There are 2 protein chains.
Amino acid sequence: MSHVLISYLKKISGLSPESEEALFSLIESQSIPKNQDLQHIGQTCKTLYFLKSGLARIYYFHDGSDVTEGFYEPFCLIARAESLFGGLPSKKAIQVLEDSEVWSISTQGLFALYDAHRDIERLFMRLFERAYVQTIQRIENLQFHTAEERYRLLAHEQSEVLRRAPLKFIASYLGITQVSLSRIRAKKD
Amino acid sequence: MSHVLISYLKKISGLSPESEEALFSLIESQSIPKNQDLQHIGQTCKTLYFLKSGLARIYYFHDGSDVTEGFYEPFCLIARAESLFGGLPSKKAIQVLEDSEVWSISTQGLFALYDAHRDIERLFMRLFERAYVQTIQRIENLQFHTAEERYRLLAHEQSEVLRRAPLKFIASYLGITQVSLSRIRAKKD
DNA sequence: AATTCCACTTATCAAATGTTAAATTAATCT
DNA sequence: AGATTAATTTAACATTTGATAAGTGGAATT
């Protein structure tokens, strides 16, 4: 077996051939056109996604305005963890920003494999640990950096996003207005 | 056996009597005087803590100034996750703000139990999931709320902290200066 | 009680960001 | 290509927050 996603995942935490097989049978592929929601606001998180190609974001509405929580590039785990772990409907949506191909995995199917495939359980533990650590780092970033510093950091860490995502999404991700971001950009580039 | 901490943890995710016993043997108790660091900056996270009584915070230095990352009340899991999962020295410290009693668990000992005690592994998975979700919610809070809204939210969620932690720690936790926080307080109370 | 120290508040001014609206540029559609 | 729409930039002004310093009050020390 040589599924691109599984090869990638195996590097994070090893899988037995049987576990590979079991996980493989859960992975579905689909193509999503630009701007479409992969998951809508109000749905409970029951599917995990990995991008094969394209670009995605998680967003929600705060006081009527669209806020981007994060951007996701290929091979990143995309999930609305607060809904997945809480079992409650999410107030967030997942949207692709370009025509994209995604791999999806049903959480129900996945969790059902945990008992018999401990290596799969541990793999996803690792994936969520990583996501957790990234979230912690994002707090540090939001808590004591200026808007400009946050922009520079994003340019460094997800430079593709700057090129491919609309300005308004980047601005809300950084916690500032579109106008403010435009000013930062104008300073020097 | 009836260890207060274990009784609390069992409610989050069940434990077999053997697992309870095994976990029990790992828990150590100690008293820490006010203002003392439980873990210093530069140490790699090798111990998990739960407060039995008192109040704690995680802090670090950014550009020479002291930044509080979070406050912890009794029974909360206290860990520097980015160091634990990354295996690298943490640039953060854990400090108690009052004379406190803590329970500590060696991560090495804990992880050694995972193979034989799957329920223990799952329990700690749950604990980290919870911490992860809280971190996500904190980002939402930092990203699009004003300083005053963040203050009101803290007053609602950790009201004890407002009464017992010094102003400067609260201010840096909210991502603002002490002076700014004092102004918010003065507005109306 | 007087002194010192520390936490908090208040005042003043500067810098950063938000708000609104207009102007410009880019993208899309026919 | 031309027309239409959306995305981005620029400008002007209001508001928030930061930085610095001075002032107030309370707690600890002597």
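User: What makes the side chain of S180(A) a polar contact of DNA strand C?

Analyst: In this predicted model, an N or O atom in the side chain of S180(A) is 3.2 Å from a phosphate oxygen of DNA strand C. A polar contact is a pair of N or O atoms within 3.5 Å, so this pair qualifies.

User: Which backbone atoms lie at a comparable place, by a phosphate oxygen of DNA strand C?

Analyst: A backbone N or O atom of A147(A) lies 3.1 Å from a phosphate oxygen of the strand. For T177(A), a backbone N or O atom lies 3.2 Å from a phosphate oxygen of DNA strand C. Both values fall within 3.5 Å, so both pairs count as polar contacts.

User: Which elements give two or more residues to the surface near DNA strand C?

Analyst: They are helix 9 (178-187) of chain A, and helix 8 (167-174) and helix 9 (178-187) of chain B. Helix 9 of chain B gives the largest share, five residues.

User: Which residues come nearest to DNA strand C, and how do the residues of the surface near it divide by class?

Analyst: Of the 15 residues around the strand, A147(A), S180(A), R183(A), L167(B) and S182(B) come nearest. The surface has seven nonpolar, four polar and four charged residues.

User: How much of DNA strand C within 4 Å of the protein is sugar or phosphate?

Analyst: Of the atoms of the strand within that distance, 65% belong to sugar or phosphate, and the rest belong to bases.

User: Why is helix 1 of chain A called roughly perpendicular to helix 5 of chain A?

Analyst: Helix 1 (residues 4-12) and helix 5 (residues 118-144) of chain A pack at an angle of about 80°, with their axes 9 Å apart. Angles of 65 to 115 degrees count as roughly perpendicular, so helix 1 of chain A is roughly perpendicular to helix 5 of chain A.

User: Which residues meet in helix 1 and helix 5 of chain A?

Analyst: Helix 1 of chain A brings Y8(A), L9(A) and I12(A), which meet L123(A), R126(A), L127(A) and R130(A) in helix 5 of chain A. By class, the residues of this contact are five nonpolar, no polar and two charged.

User: How do you know how the two copies are related?

Analyst: Chain A superposes on chain B by a rotation of 180° with 0.0 Å of shift along its axis, and the RMSD is 0.1 Å. The two copies are therefore related as by a two-fold rotation axis. The same surface serves both copies, since 100% of the contact residues of chain A recur in chain B.

User: Which residue of chain A comes closest to the rotation axis?

Analyst: Y132(A) does, with its C-alpha at 2.7 Å.

Definitions and conventions: Residues numbered from 1 in each chain as written. Chains lettered and ligands numbered in written order. Predicted model: local features only at pLDDT ≥ 70, side-chain atom pairs only at ≥ 80, totals over all residues. Heavy atoms only, no water. Near = heavy atom within 4 Å. Polar contact = N/O pair within 3.5 Å; in protein donor to acceptor, adjacent residues only side chain to side chain. Helix = DSSP H or I, 4+ residues; strand = E, 2+ residues; numbered from the N terminus. Nonpolar A, V, L, I, M, F, W, Y, C, P; charged D, E, K, R; others polar. Axes fitted to C-alpha atoms, helices over the stretch in contact; angles between N-to-C directions. Parallel < 35°, antiparallel > 145°, perpendicular 65-115°, else oblique. Contact = heavy atoms within 4.5 Å. Least-squares fit on C-alpha atoms with pLDDT ≥ 70 in both.
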